[in-house]
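Here's a quick briefing on the chain you're about to see. Have a look at the fold first, then go through the notes below.

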Amino acid sequence: MESTAQYWRPVWDLLEQDWVPQRRSQPGAPPTAGTLHLAQAQSNRGPLGRKKDFPDAERLVRRLVAGELILSFVPDAEQRLWRTVTRRKYQLTCSRVQLQNRLEALLEEMHVKLSSLVSDLLGPSARRMLEAIAEGATRCDAGGEIP
């Protein structure tokens, strides 16, 4: 299979589930039968001209047999899942930090230095203070001015 952006992923997942075990179970099949390979599209380009899928597939197979094909590393399904989870967790953490920085900048434009009173601008006490400011409170419970 030739990789182009992320379009190869759903096809790879289907082939990995069904096709590989069927090919390996055929009588007389070598141990590498049914092994999926992912080729990098840019480094395995064919001749310029009109794109034709069948001749391109034949060319890729000839290059694979000759050992000239540059293959991409594809981790197993469990490792791909863990990578996805880790990547998503990292993205959520970055989004939270970005939101916190925007909130702090907005508060400083309003001349409210809430970050000097609380350690976490998104924590429960800071949220209560922000809700009070949003509702129009001008004084805190202790009787002093809101900073």
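Helices here are DSSP runs of H or I with at least four residues, strands are runs of E with at least two, and both are numbered from the N terminus. On that footing, this predicted model reads β-α-β-α-α-α along the sequence. That comes to four helices and two strands.

**Overall picture**

- Of the 147 residues in the chain, 18% are buried.
- The accessible surface adds up to about 11,600 Å², and carbon and sulfur atoms account for 57% of it.
- Take the contacts between residues at least 6 apart in sequence: 44% of them join residues at least 24 apart.

**Helix H3**

- H3 covers residues 77–109.
- Does its length add up, and what span should we expect? At 1.5 Å a residue, the 33 residues of H3 should span 48 Å, and the end C-alpha atoms are indeed 48 Å apart, so the two agree.
- Arg80, Leu103 and Leu107 are the buried residues to look at in H3.
- Leu81, also in H3, goes the other way: its relative accessible area is 54%, and the cut-off for exposed is over 50%, so Leu81 counts as exposed.
- Leu81 teams up with Trp82 and Val85 in a nonpolar surface patch, and together they have about 340 Å² of accessible area.
- As a general point, an α-helix has 3.6 residues a turn, so residues three or four places apart point the same way.

**Just past H3**

- After H3 comes His111, with a positive phi near 65 degrees.
- That's a positive value in a residue other than glycine.
- His111 sits in the loop between H3 and helix H4, which runs over 124–134.
- Is His111 buried or exposed? With a relative accessible area of 72%, against a cut-off of over 50%, His111 is exposed.

**Nonpolar cores**

- The largest nonpolar core has eight residues: Leu103, Leu107, Val112, Leu114, Val118, Leu121, Leu122 and Ala126.
- Two of its members, Leu103 and Leu107, are the buried H3 leucines mentioned above.
- Which residues does Leu121 touch, leaving out those up to four places away in sequence? The list is Gln100, Leu103, Glu104, Leu107, Leu114, Ser115, Ala126 and Leu130.
- Apart from the eight-residue core there's another one, made of five residues, including Trp8, Trp12, Leu36 and Leu38.

Technical notes. Residues are numbered from 1 along each chain as its sequence is written. This is a predicted model: local features need pLDDT of at least 70, side-chain atom pairs count only at pLDDT 80 or more; totals for chains, interfaces and linings use all residues. Side-chain values use heavy atoms; hydrogens and water are left out. Patches are made of residues with over 30% relative accessible area and no salt bridge: like charges are joined within 9 Å, nonpolar side chains (Val, Leu, Ile, Met, Phe, Trp, Tyr) within 5 Å. Accessible areas come from the Shrake-Rupley method with a 1.4 Å probe; for residues, only the protein chains shown count as cover. A salt bridge is a side-chain nitrogen of Lys or Arg within 4 Å of a carboxyl oxygen of Asp or Glu. Buried means under 20% relative accessible area, exposed over 50%, partly exposed in between (1.4 Å probe, protein chains only). A nonpolar core is a set of buried Ala, Val, Leu, Ile, Met, Phe, Trp, Tyr and Cys residues joined through side-chain atoms within 4.5 Å. Contact means heavy atoms within 4.5 Å. The expected span of a helix is 1.5 Å times one less than its number of residues.
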